[in-house]
Amino acid sequence: MTSADFQGQAPDVARALIGATLLVDGVGGVIVETEAYDASEPAAHTHRGETPRNRAMFGPPGHAYVYRSYGLHWCLNFVCREAGHGAGVLIRALRPTEGLPDMRQRRGQQDERLLCAGPGRVGQALGITLAHYGLPLDRAPFQVLAPAEAGQAPVRSGPRIGISKAQQLPWRFGWADSPYLSRRF
DNA sequence: AAGTAGATGTTCT
DNA sequence: GAACATCTACTTA
């Protein structure tokens with residue numbers, strides 16, 4: 001995918017990413033769950049302005065925003081909209097297709113369904129660290145491949161997980177009934 | 001199956 | 001200090 005694919009509103013990009021393939025150093029799979037975040041809405045890291053942590057989300061779209069969740073987990077986002085806005089899409093779950101032995105080793109987990117079912121698990125399985133912070137998504141080590149037939153994945157939406165603000169926004173998107181979701185819809 | 005505790009870095013009050 | 005875009009291990013049933 002090209003940087004133009006990330007220039008839409010965060011919920012539109014989040015929906016369009018379901019069914020796309022994400023690889024980091026050749027390891028990854030098909031995106032089955034995402035969440036949209038936007039500076040205009042209080043659950044977003046960017047809502048209160050730019051900080052050292054969220055700086056990448058105020059940069060150009062089509063780049064990686066990586067943050068440490070609960071002091072423990074590395075989570076990966078795709079920056080979207082336009083530079084300066086502070087919007088992004090959290091990658092919450094994949095259906096593993098490439099590099100399963102690497103992911104099993106990194107996760108210490110044999111069950112394929114639990115390799116990438118949650119944003120912290122995706123980060124660990126793909127080896128995401130601060131070294132990926134701000135990197136463009138259209139060059140190594142990243143590969144983001146569009147869905148085989150755009151818009152054909154059976155997408156469902158609902159409230160985002162693990163937030164206390166703006167819970168009414170249905171900005172979580174997922175491949176309906178996939179066994180690789182972090183939670184059922 | 002469901003609930004709880006505990007791990008811990010960054011940001012905010 | 002408290003909250004937080006989370007996960008695991010352990011308890012209780």
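**Chain A and DNA strand B in a predicted model**

Me: What is the accessible surface of chain A, and what share of that area belongs to carbon and sulfur atoms?
Reply: This is a predicted model, where local features need pLDDT of at least 70, side-chain atom pairs count only at pLDDT 80 or more, and totals for chains, interfaces and linings use all residues. Side-chain values use heavy atoms, with hydrogens and water left out. Areas come from the Shrake-Rupley method with a 1.4 Å probe. The accessible surface of chain A is about 8,500 Å², and the share of carbon and sulfur atoms is 49%.

Me: Why does the radius of gyration of chain A agree with a compact globule?
Reply: The radius is taken over C-alpha atoms, and the globule rule is 2.2 Å times the number of residues to the power 0.38. For 185 residues a compact globule would have a value near 16 Å, so chain A agrees, at 15 Å.

Me: Which residues are around DNA strand B?
Reply: A residue counts as near the strand if one of its heavy atoms lies within 4 Å of it. The residues are Arg48, Thr51, Pro52, Arg53, Arg68, Tyr70, Gly71 and Leu72.

Me: Which residue has a polar backbone atom 2.3 Å from a base oxygen of DNA strand B?
Reply: A polar contact here is a pair of N or O atoms within 3.5 Å. The side chain of Thr51 has an N or O atom 3.3 Å from a phosphate oxygen, and a backbone N or O atom of Arg53 lies 2.8 Å from a phosphate oxygen. The residue paired with the base oxygen is Tyr70.

Technical notes. Residues numbered from 1 in each chain as written. Chains lettered and ligands numbered in written order. Polar contact = N/O pair within 3.5 Å; in protein donor to acceptor, adjacent residues only side chain to side chain.
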